[in-house]
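Morning, everyone. I have one chain to go through today, so please have the sequence and the model open.

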Amino acid sequence: MDSTTRPAVRDGLGVGFAVGLSGVAFGAAAVAAGLSVAQACALSLVAFSGASQFALIGVVAGGGNLIAGALGAVLLGGRNTLYGLRLAGTLGVRGWRRPLTAHVVIDETTAVATAQDGRRAARAGFWATAISIFTVWNLMTLVGAVGASQLGNPDTYGLDVVGPAAFLALLWPRLRTGAAERRVAVLAAIVAIAATPLLPPGVPVMLAAVAALAGVPRRRPRPHDTGDSAPEPALTGGPGDETP
């Protein structure tokens with residue numbers, strides 16, 4: 001590890017440990033929703049997407065069936081596919097490593113990787129985040145599930161806001177860089193908030209993705225599109241013409 005990767009690794013470990021601690025809240029909430037300790041731990045290992053996991057147990061705890069909860073979780077987790085497309089060239093994994101890498105392509109690993117300067121630093125940040133958050137999240141899921149009866153309501157401890165707060169901290173510098181980023185963020189928030197009371201869990205977040213269209217750069221018309229273009233130079237030079 002050198003000076004180019006050290007900051008990325010530091011950021012990744014910090015985010016991984018901070019967000020991973022909120023696994024306590026998931027473990028406790030999963031058991032409170034009716035899952036066993038083994039089921040809660042298996043869900044964290046196999047699904048490994050905090051938002052999708054909370055969406056699933058939220059539906060189950062609210063009286064919904066498992067199929068509806070699973071569909072909502074899959075729909076919400078669909079954003080990770082877009083993350084994978086974004087990171088494929090940067091990570092450059094092949095063969096049997098590809099599905100393993102895809103398993104840890106989540107909000108936090110993507111945010112840390114894309115925040116780095118250079119491919120090497122992006123890879124270091126990605127893997128530091130992935131390893132730390134996967135380890136801590138699953139350990140804390142076990143702790144929360146086993147101690148659910150003693151912990152009580154996890155919302156009381158504010159652990160449910162650790163993940164969103166950490167992700168917002170990563171995004172905040174980018175929201176200050178330009179009007180396009182702020183426009184996308186505000187529009188996405190409006191869409192998600194407006195759709196939340198009307199649509200099943202997970203759908204508002206996916207629907208808010210249309211806000212990205214607000215950040216697409218507009219194509220500026222070329223001079224000949226407006227009719228104001230200057231006459232094109234002759235293809236053959238005459239006496240006194242200068243070649244560029």
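Start with Asp107 and Arg79, whose side chains form a salt bridge, with 3.0 Å from N to O. This is a predicted model, so the distance is a computed one. A search of the whole structure gives 1 salt bridge. The partners belong to distant parts of the chain: Arg79 sits in helix 6 and Asp107 in helix 8, 28 residues apart.

Are the two partners buried or exposed? Asp107 has a relative accessible area of 14%, and Arg79 comes out at 12%. The cut-off for buried is under 20%, so both count as buried.

Next to Arg79 in sequence is Asn80, also in helix 6, which covers residues 79–91. Asn80 has a relative accessible area of 15% and is therefore buried under that cut-off. Leaving aside residues up to four places away in sequence, Asn80 touches Ser49, Val105, Ile106 and Asp107. Asp107, then, is a contact of Asn80 as well as the salt-bridge partner of Arg79.

Now helix 8 itself, residues 107–114. How many of its residues are buried? The count is 8 of 8, so helix 8 is largely enclosed by the rest of the structure. The list is mixed in character if you read it off: Asp107, Glu108, Thr109, Thr110, Ala111, Val112, Ala113 and Thr114.

From there to the nonpolar core. As a general point, nonpolar side chains in soluble globular proteins tend to be buried together. In this model the largest nonpolar core has 27 residues, and the members touching the most other members are Phe26, Ala30, Leu43, Phe48, Ile57, Leu87 and Phe126. Two or more residues each come from helix 1 (6–20), helix 2 (23–32), helix 3 (37–46), helix 4 (50–61), helix 6, helix 8 and helix 9. Which helix gives the largest share? That is helix 9, with 6 residues.

Leu87 is a useful residue to click on. Beyond four places in sequence, Leu87 touches Val105, Thr110, Ala113, Thr114 and Phe126. Three of those names, Thr110, Ala113 and Thr114, you have just heard among the buried residues of helix 8. A separate core of 5 residues lies apart from the main one, and its members include Ala8, Val9, Ala121 and Ala128.

Phe48 deserves a separate look. Phe48 lies in the loop between helix 3 and helix 4, and at 3% relative accessibility it counts as buried. What is the phi of Phe48? The value is near 45 degrees, which is positive, in a residue other than glycine. Most residues other than glycine have a negative phi.

On to helix 5, residues 66–77, which contains Ala73. Ala73 is buried, at 12% relative accessible area. Its contacts beyond four places in sequence are Ser52 and Leu56. The C-alpha atoms of Ala73 and Gln53 are 6.6 Å apart, with the two positions 20 residues apart along the chain.

At the surface, Leu198, Leu199, Leu207 and Val210 make a nonpolar patch of about 360 Å². Leu207 belongs to helix 13, residues 203–207, and at 38% relative accessibility it counts as partly exposed.

Now the chain as a whole. The model has 14 helices and 0 strands. Of the 244 residues, 36% are buried. Among contacts with a separation of 6 or more, 73% are between residues 24 or more positions apart. The chain exposes about 14,700 Å², and 66% of that comes from carbon and sulfur atoms.

Last, confidence. The mean pLDDT is 77, and 69% of the residues score at least 70. Which elements mark the two ends of the scale? Helix 9, residues 119–146, has the highest mean, 94, and helix 14, residues 223–226, has the lowest, 51. Over residues 225–244 pLDDT stays under 50, and the model has 6 contacts for that stretch beyond four places in sequence. Where pLDDT is low, the predicted coordinates should not be read in detail.

That is all I have; over to you.

How values were computed:
Residues numbered from 1 in each chain as written. Predicted model: local features only at pLDDT ≥ 70, side-chain atom pairs only at ≥ 80, totals over all residues. Heavy atoms only, no water. Helix = DSSP H or I, 4+ residues; strand = E, 2+ residues; numbered from the N terminus. Buried < 20%, exposed > 50% of the residue type's maximum accessible area, 1.4 Å probe, protein only. Contact = heavy atoms within 4.5 Å. Areas by Shrake-Rupley, 256 points an atom, 1.4 Å probe, with all protein chains shown as cover. pLDDT = per-residue confidence, 0-100. Patch = residues over 30% accessible without salt bridge, like charges linked within 9 Å, V, L, I, M, F, W, Y side chains within 5 Å. Salt bridge = Lys/Arg side-chain N within 4 Å of Asp/Glu carboxyl O. Core = buried A, V, L, I, M, F, W, Y, C linked by side-chain atoms within 4.5 Å.
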